[in-house]
Every structure is written in structure tokens, then in C-alpha cells.
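Visitor: I'd like to go through this one label by label and hear what backs each of them up.
Guide: Sure, have a look first.

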Amino acid sequence: VPQPKDASDNGNQTEGGVVVDKGGLLGGSADFKGTPFRIAAGPALQIADGGEWSASVWVKPAPATQWTSVFSQQAGSGVLELGIAGGKLVGRISGK
């Protein structure tokens, strides 16, 4: 089963266990079934120092009290993570 690509002109390929649900709330949606996925680093995903970026996700997590990662971006030893903990969106920045 081919992995889904993003809708940009770059067509960044996903890696991991993503299944597309064509009957999703907004057309085709990703169903992770608890399996992580990633989009490999590439020139189209680079963020320049001091550069701007945005991310948009719609999530419907299973009830959980522990950390569930939604987004992670690493640059050198610095990591930006967005996740859900205790039913709330939480951001974490670590490293430099």
C-alpha cells in the first residue's frame, strides 16, 4: 500500500503506518491507529534561523493522561514538540 503524500507541490512522502480513510470528516483523512509516522527531512521542510512557519492539525486523540506527540521538529540539538497531555495541548522546547 503506497504511503500518502502531502498536497503541496513538493509531494513530501510519509514514512510509517498511515492509512488514508477516504470517508474522513474532511475528505481523505489519516488514521494512525496508534502507529507513529514521519515526513523525512528535505529541502522543502527546512526552516531558516529566525524564519516563520505554521502547522495545522486536526486531532481526535483517544483519552490519555500521558504525553502524546502531535508534532516534532528537530534542528541540531534543539527540539520543538507539540503534544497532548491530560487532554490539553502542550508545547515543549528542549536543547539549543
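Guide: What follows is a set of questions about labels, each answered from a value and its cut-off.

Visitor: What makes you careful about which details to use here?
Guide: This is a predicted model, so local features need pLDDT of at least 70 and side-chain atom pairs count only at pLDDT 80 or more, while totals for chains, interfaces and linings use all residues. Residues are numbered from 1 along each chain as its sequence is written, and side-chain values use heavy atoms, with hydrogens and water left out.

Visitor: What does pLDDT say about the chain, and where is confidence lowest and highest?
Guide: pLDDT is the predictor's confidence in each residue, from 0 to 100. The chain averages 76, and 83% of the residues score at least 70. Strand β3 (residues 27-31) has the lowest confidence, with a mean of 71, and β7 the highest, at 87. Where pLDDT is low, the predicted coordinates should not be read in detail.

Visitor: How do you know how many helices and strands to list?
Guide: Helices (H or I, at least four residues) and strands (E, at least two) are DSSP runs, numbered from the N terminus. By that rule the chain has zero helices and seven strands, and the order from the N terminus is β-β-β-β-β-β-β.

Visitor: Why is β5-β6-β7 called a sheet, and what makes it open?
Guide: Two strands pair if DSSP finds at least two bridges between them. β5 and β6 (residues 78-85) have seven, in the antiparallel sense, and seven bridges also join β6 to β7, again antiparallel. That gives three strands in an open sheet, in the order β5-β6-β7. The edge strands are β5 (68-75) and β7 (88-94), each pairing on one side only. From one strand to the next the twist averages 10 degrees, with axes being lines fitted to C-alpha atoms (for helices, over the stretch in contact) and angles running from 0 to 180 degrees between N-to-C directions.

Visitor: Which residues are partners across β5 and β6?
Guide: Alanine 75 has glycine 78 of β6 as its bridge partner, and glutamine 73 has leucine 80. Two residues sit between the strands of this hairpin, where glycine 76 takes a positive phi near 60 degrees.

Visitor: And what is found at the hairpin of β6 and β7?
Guide: This hairpin also has two residues between its strands, and glycine 86 takes a positive phi near 60 degrees. Alanine 85 stands opposite lysine 88 in β7.

Visitor: Why is the pair of glutamate 81 and arginine 92 called a salt bridge?
Guide: The label needs a side-chain nitrogen of Lys or Arg within 4 Å of a carboxyl oxygen of Asp or Glu. Here the N to O distance is 3.3 Å, and the pair qualifies. A search of the whole structure finds one salt bridge. Glutamate 81 is in strand β6 and arginine 92 in strand β7, eleven residues apart.

Visitor: Why is glutamate 81 called buried or exposed?
Guide: Buried means under 20% relative accessible area, exposed over 50%, and partly exposed in between (1.4 Å probe, protein chains only). Glutamate 81 comes to 18%, so this residue counts as buried. Arginine 92 has 37% and is therefore partly exposed.

Visitor: Which residues does glutamate 81 touch?
Guide: Contact means heavy atoms within 4.5 Å. Not counting residues up to four places away in sequence, glutamate 81 touches Trp67, Ser69, Phe71, Ser72, Val90, Gly91 and Arg92.

Visitor: What makes valine 59 partly exposed?
Guide: Its relative accessible area is 48%, so valine 59 gets the in-between label. Valine 59 lies in the loop between β4 (37-39) and β5. Leaving aside neighbours within four places in sequence, valine 59 is in contact with Val70 and Ile84. The C-alpha atoms of valine 59 and valine 70 are separated by 8.2 Å.

Visitor: And what about aspartate 21: which label does its accessibility earn?
Guide: Aspartate 21 has 35% relative accessibility, so partly exposed is the label. Aspartate 21 is placed in strand β2 (residues 19-24). Beyond neighbours within four places in sequence, aspartate 21 is in contact with Gly27, Gly28 and Ser29.

Visitor: How many of the chain's residues are buried, as a percentage?
Guide: Buried residues make up 11% of the 96 residues.
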